[in-house]
Amino acid sequence: TKPGSRRTQIQLPDGSSVRLDSCSTLTYDKNFGKNIREVSLTGEAFFDVTKDSSHPFIIHTNVIDIKVLGTAFNVKSYPGDPNTETSLIRGKVEVTLKNRASEKIYLEPNEKLVVANNSSIVNRTLVNQPEQPVNKTDISSKPTYAVQRVTYYPVDSAIIETSCIDN
């Protein structure tokens with residue numbers, strides 16, 4: 001099946017719910033929730049995570065790790081796509097880029113993080129921030145991730161970034 005054509009609802013052992021898109025895979029081991037709540041995602045899923053500050057919830061993708069503090073958000077991380085995205089609906093998340101583990105990115109509700117999947121150098125740019133001129137000989141200084149506002153359909157104000165999972 002193609003992405004967006006079918007969804008699966010999953011209830012995790014901690015009570016968190018996940019709506020998993022077709023062509024997507026969510027994996028976790030048998031010790032899920034004993035010390036830490038860790039899952040790995042390939043594809044797209046909408047998470048509604050049960051709050052439990054003593055057991056952090058972490059989602060691993062190929063490009064980013066997302067630490068959750070009890071929240072609802074969408075993650076889109078298909079292997080063939082140019083970008084990985086996470087869109088926060090409620091709560092707060094902490095994102096770490098795999099190639100820059102010391103830098104933490106915090107998202108607020110209605111913000112999304114867009115990360116280029118094939119970049120080895122990461123710079124931050126914020127939406128509505130004027131872009132600095134880029135020296136044509138220094139292409140590596142171009143931003144490879146951005147924090148942006150989520151976007152809405154004008155007809156019903158549904159959030160575009162979660163519409164595939166939310167129907």
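Biologist: Before we look at Phe 47, what does buried mean here?

Modeller: Buried means under 20% relative accessible area, and in this predicted model Phe 47 has a relative accessible area of 0%, so Phe 47 is buried.

Biologist: OK, and which residues touch the most other members of the largest nonpolar core?

Modeller: That core has 28 residues, and those touching the most other members are Phe 47, Phe 57, Ile 59, Ile 66 and Phe 73. Its largest share, four residues, is contributed by strand S4, which spans residues 37-48.

Biologist: Is there a general reason to expect such a grouping, and what is it?

Modeller: In soluble globular proteins, nonpolar side chains tend to be buried together.

Biologist: Let's turn to the rings, then: how many aromatic pairs are there?

Modeller: The count comes to four aromatic pairs. One of them joins Phe 32 and Phe 57, whose centres are 6.0 Å apart with 80 degrees between the planes, an edge-to-face arrangement. This pair links distant parts of the chain, since Phe 32 sits in the loop between strand S3 (25-27) and S4 while Phe 57 belongs to strand S5 (residues 57-60), 25 residues apart.

Biologist: Are those two buried or exposed?

Modeller: Phe 32 has a relative accessible area of 8% and is therefore buried, and Phe 57, at 0% relative accessibility, counts as buried too.

Biologist: And why is the pair of Phe 47 and Phe 57 edge-to-face?

Modeller: The ring centres of Phe 47 and Phe 57 lie 6.2 Å apart and their planes meet at 70 degrees, so this pair is edge-to-face, given that planes over 60 degrees apart count that way. Because Phe 47 lies in strand S4 and Phe 57 in strand S5, the pair ties together parts that are ten residues apart in sequence.

Biologist: Which residues form the aromatic cluster?

Modeller: One aromatic cluster is formed by Tyr 28, Phe 32, Phe 47, Phe 57 and Phe 73.

Biologist: What else does Phe 57 touch, beyond residues up to four places away?

Modeller: Its contacts include Leu 12, Val 39, Ile 66 and Val 68, and also Asp 14, Ser 16, Arg 37 and Lys 67.

Biologist: Switching topic, where does Thr 71 lie?

Modeller: Thr 71 is in the loop between strand S6 (64-68) and strand S7 (72-77), and with a relative accessible area of 1% Thr 71 is buried. Leaving aside neighbours within four places in sequence, Thr 71 contacts residues including Phe 47, Asp 48, Val 49, Leu 88 and Arg 90.

Note on methods
Residues are numbered from 1 along each chain as its sequence is written. Side-chain values use heavy atoms; hydrogens and water are left out. A nonpolar core is a set of buried Ala, Val, Leu, Ile, Met, Phe, Trp, Tyr and Cys residues joined through side-chain atoms within 4.5 Å. Buried means under 20% relative accessible area, exposed over 50%, partly exposed in between (1.4 Å probe, protein chains only). Helices (H or I, at least four residues) and strands (E, at least two) are DSSP runs, numbered from the N terminus. Contact means heavy atoms within 4.5 Å. Rings of Phe, Tyr and Trp (its six-membered ring) pair if their centres lie within 6.5 Å; planes under 30 degrees apart count as stacked, over 60 as edge-to-face and the rest as tilted.
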